Amino acid sequence: MEPELAIALPAVGAVLTAILHPRPRAALLAGALLGAGGIAAVLLAAPGLASDLLGVSLSVSAMSRTLLLAAAASLALIVAFPPPRADRAMLLAWGLAGIAGMAAIAAAPSLDLVILLTLVIALLHAALGGQRPLAARLRAPALAVALLGAGLVFARFDGSTILARFAAIGLVAGLAAALGTLPYIHEFDPDELTATSPIAWIAFLGPILALAVITRARELIPAAGAIFAAMLIGLGLLNVLWGGLASWLTDKGMSAWHYSFMADWGLVLCAFGILVADGQAAAVLLLFGIVLSRLPLYLWSRQSLRERIQTDRPVNLLAAAMLAGAAPFAGFAARLFLLRGATQLYWPLALVIGVGLLLWLPPSLRLGRSLGTPRGRLALGVAIALSLSVAVGLYPQPLLSLAGL
Amino acid sequence: MPAIAIIAPVAIPLATAGSVAICGVAGWKIDRIVLAVGTWLAIVALIALWAPVRSTQDLGLGQLGFGTPSELRLDAVGFTFGLLVLVPAAILLTLQPRPWQEGTVAALGVAAAVLAVESGGVILTAVAGGAAATLAIVQLDVEDPRASRPPWGVLLAAWLALSWVGAILQVRSGTAGYSAVPVSALTVPVFALLAATALIASGLYPWRGWPSQLWGRPALRSAGMAVATLYPLGFYLLVRAYEIGDGRYPQFWLQVVLAGIGVLVAFGAAARAQGASTRRAYLGEVIPGLGGFALIGISVGTPLGLVAGIATLAVAATLAACLPLLPDRGGPTSLVVIAAAAGLPPGLAFGVRVLGLEATFEAGTPMGLIGIAAAATWILSIIAAARAAGLPAGRGHPASETEPRVSMGLALAIVVAGPALGLVLAVLATPAQALVMPSPAGVNLGGLTAVATVSTVLPAVALFTPVLLLAVLAYYYAGPMTVRAQDRAAFVVLPGTDRFARLREALRSATVPAQYRSLVDLRALEAAATGGGPLLWLAALVALAFAVTR
Amino acid sequence: MIQLLSQLATHSFALLLYPGLVTIALFGATAESVWVRVSEGRWVRPEFRWRRPSPVLTTVALSVMLAAAQMSAPFNLVPPDERNLIIAAIALGLTVWVELALGTEMFAEPSLLLVVQVCWLLAVLGPAVEPQSLRPQVLGAVLVPSLLPLKVACAILYLLCLPALLKLWPMPAPGERRATRRLDDVRVLCWWPYCGLFATLVFPPPPDDLLGLVRFLGVSVAVAGFCVVAGVYMGRRGLDVARNVYRRGVAPFAGLVIVLILVTSLLVH
Amino acid sequence: MTAVAAFAAWLGAAIIVLADGRRGLAAGIGLIAVGFTAIAWSDGVWVGGACLLVGGVVAVIALLRTGPQDWGLMPAGSTPRLILAVAGGILSLWVAASVTTGPGASLRFACLAVLGLMAGRLLQSKAAVPALAGAAGLAIALAGASELGPNDPGFAPYLIAALITAGALLLPAARSHGA
């Protein structure tokens, strides 16, 4: 019954935290306890072992479990070391709701359910409120659901082989639309709360959704597997190029962060497109970086971005190095796996990716400087994020073993 | 000694960094002492680990997650390069005051550099070398964000390229361990990538690279540390390449090309040095010049060349500690440093250069021609040195960072070590050479007093000791040399330099013509990509459909 | 230990007495006196009044001693296999530029002088490329027909460069103010190593007997004589001729020598 | 029978595309729900079909209970929507009947038509209620599509789709006055 608990406990935790919001300590305590329970259930869930308590057989794969743990760790980091003037109880409530949704997606037995759950999350996320109208907030995720659904439908049709290709198009385009990567960039309002902004999709919910869609899509359209992978790599390279250049050259600091997530996702898509174990390992490490490094740093830098503060302290440069995937941070190990996977697949691809990797540095320096000078708890949070990344960069095996690689 | 002990030269600087950070946060002003103790302790540990056994010691680290099992390896090459990194770093960290943040990053950088040379395979070297590069950049930017520093992207590219080399080796042969990779895996393209990595990692360019630009910074704390920790790493890769290739590079022409690049690097440094406007600018070209000669020696592909190259790196490492401590003013100290760097007889710099050139001639054509070019380059560097003796000192870096007596001592050590050339080779270079390039049967590079080459014997003690004694007596009797510092025009203006400068300026100031700017208007592109909405999305879908169904 | 001490003794002897400092001084003072006599038309007595040598002169002296010890002069106590052409070439090359520490005004046509010295280096080291040996006497002994053209060409190039390197050419240095020439201390120290090195590289090593000594000295004196004559000739014909010889003659000839080195190596292999 | 149901589903989707008023949207949702329920029942998926029907009924009631009650069918400038509705239907029919093979053509047509038209509606709607109605229609179509798979999907897709259909139009944003 672990998968059910992994979904239910964070969901209940989110509701309780929201209800107890007027009494922040109680809300935080309840949320933290139930969230911890949910994570414990994730940890205890044997990868691949199905549970059928509710008449639906739920099981969490090893990779999904790893990403869920990373997301939970990220949430814990953000709530424990919140950005200035942030409402910790609301952060926790939204985060737990997200984790519940992610756990449900991870445990869902079929792509049909994954898509429907995505629609549920899209509706709830759009209903959270924010400065953009609901229709605008719902547009891209709902289009993603429609495209994924169309892909699924085409995959199940019998007939011409071209149907499998259409299925691949639907699934890849739907995934890109769900994540908000090029060409389906979600409308981004810099002043919007992170939880209600597209960052929630690209940095928090996206990893699990991508994993669920891609792993199931491979089983669904074996005939078009090569085209599916090629499209992932193509879109990935497009996002690497766009994300790198745009986050470097855009005038708006917040948008620079938004684009940098796209650049990271470009690498993830390339990694998923490389159908060897090294590609999957690279994807896991990159997603770990997105969830546990880039997302917290983005949240912590928002205040100094608003105040237009730029600093050049060691912490800024180390953060820049981490964002750029320089050694010894996790990004470097991920890039190593990516290059090795690409070399096994087709070495010129490794060359292209290698050249693309150099695009990270200028924007990363800019983003690192935008972190300002973290003080007190925030400095400790940044230090923990940096240390985690170094630990995984130097010794990625535990994380990869957890992901079953 | 247990195998785990070979982690000490890495762990001690790491612990030192932690301790310095704690001292800094706690406000205890003992961080400099901690740095000194830590780095010297690392040197002691390295010697204590190597000296008693003088044979390779391995420590399996198991599966770190980089594909194949990783291991730490302390062998002759690791020992030599470990000393080349640690000694100058220890001297600088001991004598130069620096804020605790800088000290922490510097100690971490030292640990990373030592890990790079102690790792048993390409992958771990790439990770550690990349970390050392990152930390050096951080250190330089923290010291002065506006001053010139190595381009981070270029260094990152170098270490990424090395990780790609490791990946290729793993894919082809199942391992990237230096001693385990089969010779056949080191193909020409793989070696070319490795060599490019090495050249970029150490900034070995004919034009003015970071190793010379760094000396133009207003402060020389981080510059010295960056050169001490990063500069040897590229050469380390070239030496290890011999181990992978079982004592040779895949093709002889690759050696010729590398040696040619070495001549160009040394010549570029000498050409810039003879046109330097200040003594400081001249000193900035000293290490690139030595690097060029070291590259020539290492590329020759003979045991003699390799030991000469490694010994030249030892001179460069000593100068990397000496130059930041040298105050920017005239006087005997700067003259001795110039003499030591220029390779006047009977100094160590003279002896190693002689051996390096000899190796080129003994390797046959076309290396012999490269040797002639290198000899001409040496003459040009001597011209630059002679001219530099009378140059104005240049903008002085803070006196608190300098230590004239130690600087003088290090320069004198280079000069006095000339007669001990055989000893230096026997301790530092020959064991490393023997590991990566076994000498042909019966060929022995000689003992402590003389260096035997294929065609001659260099009686270092017998020839250089009298010269040294005579020099000491003669200079003492001659009294101090009074040279009036004055602005001096470049000795020779090399043809084409002004054209090259114009071309560079034109490239730097190149802009997109006005009528085409709209094509590369990022704002418009950004607006289209983010605000395009349904139409763009549908167009993208159609494009995807067209792409996969045509 | 005994062996080391004896080696130290023999090398010290070679450096200080023969073929080192004393020989250098004697040969150089004679050659320089002749040169001044011929060029000035009057004898100038060497100044025997002892004065402190300047650091520049000291550096030059140390270098030429080192270079002289590498020559295959008869009775040279340095064992033949311990002589090294590179040491000789670089040590001699260094002597040209030591005065640069005092200022560039000591040099006439510095760029041209550098070109000439590079050509001289080619002449000295070129013959060593194919034999792959840096033992001076080995190169002198080379009489293989396929290597002779290169050897001859290098010898000619060496002789062409020598007057310039000894500053016997008529180019006036910007800093030269003296109306009448005195004996040039630095040049006094350079005559013997330059001339002796030529004899070492071009002719087979003489036996360690009186005849061999006479032969070696004879060649060296002949080379010195050639330099004096060339210097006087250029002095008479004026600056432009000298400039043309070195600008239009020496550098292209050096190019020819490089071609010869390549062709020789192709022929031999 | 299934052909009529599929036609009803397309008609419902077309009405949602063409209508801005709550009554029109309610009619559209109702027709889609009825169409897919009929197809599900014809395949013997009684519980799933019932779920969809219940969800659809709740959505219709939610739409008809609050806000100004008007049809808002084909307001000025609706020509592109009309073209979308007709072209979407024809294209789906062609794919379902000619390009693909095997039984269940009606379901294929219904799924493709509703998914395509709802996607179009979501892309072009600026108000909340039509977007939510589109999302509801999308959910019903996805639930129906689960029957296309080789395995029995169970009742979960229908249940979740019903919850979405009902819940979407019970969201606070859906109570806003006007569509």
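Okay, let's start with how the chains meet: of the four pairs of chains that touch, B and C share the most contacts. Bear in mind that this is a predicted model. Now for pairs that don't touch. Chains A and C have no contact between them, and their closest C-alpha atoms are 39 Å apart. Chains C and D don't make contact either, with 73 Å between their closest C-alpha atoms.

Right, on to chain B, and its surface. There's a nonpolar patch there of about 610 Å², and the residues that make it are Ile22(B), Trp28(B), Ile30(B), Ile33(B), Val37(B) and Leu41(B). Which helix gives the largest share of that patch? Helix 2 of chain B, residues 31-50, which puts in three residues. Have a look at Ile30(B) as well: you'll find that one in the loop between helix 1, residues 8-26, and helix 2. Its relative accessibility is 38%, so we call Ile30(B) partly exposed.

Last thing, a helix pair, still in chain B. Take helix 3, residues 76-95, and helix 9, residues 221-244: their axes come within 9 Å and cross at roughly 170 degrees. Anything over 145 degrees counts as roughly antiparallel, so that's what helix 3 and helix 9 of chain B are to each other. As for who does the touching, helix 3 of chain B brings residues including Phe81(B), Leu84(B), Val85(B), Pro88(B) and Leu92(B), while on helix 9 of chain B you have, among them, Met225(B), Ala228(B), Pro232(B), Phe235(B) and Tyr236(B). Gly78(B) from helix 3 and Gly224(B) from helix 9 are part of that contact too.

Note on methods:
Residues are numbered from 1 along each chain as its sequence is written. Chains are lettered from A and ligands numbered from 1 in the order in which they are written. This is a predicted model: local features need pLDDT of at least 70, side-chain atom pairs count only at pLDDT 80 or more; totals for chains, interfaces and linings use all residues. Side-chain values use heavy atoms; hydrogens and water are left out. Contact means heavy atoms within 4.5 Å. Patches are made of residues with over 30% relative accessible area and no salt bridge: like charges are joined within 9 Å, nonpolar side chains (Val, Leu, Ile, Met, Phe, Trp, Tyr) within 5 Å. Accessible areas come from the Shrake-Rupley method with a 1.4 Å probe; for residues, only the protein chains shown count as cover. A salt bridge is a side-chain nitrogen of Lys or Arg within 4 Å of a carboxyl oxygen of Asp or Glu. Helices (H or I, at least four residues) and strands (E, at least two) are DSSP runs, numbered from the N terminus. Buried means under 20% relative accessible area, exposed over 50%, partly exposed in between (1.4 Å probe, protein chains only). Axes are lines fitted to C-alpha atoms, for helices over the stretch in contact, and angles run from 0 to 180 degrees between N-to-C directions. Angles under 35 degrees count as roughly parallel, over 145 as roughly antiparallel, 65 to 115 as roughly perpendicular and the rest as oblique.
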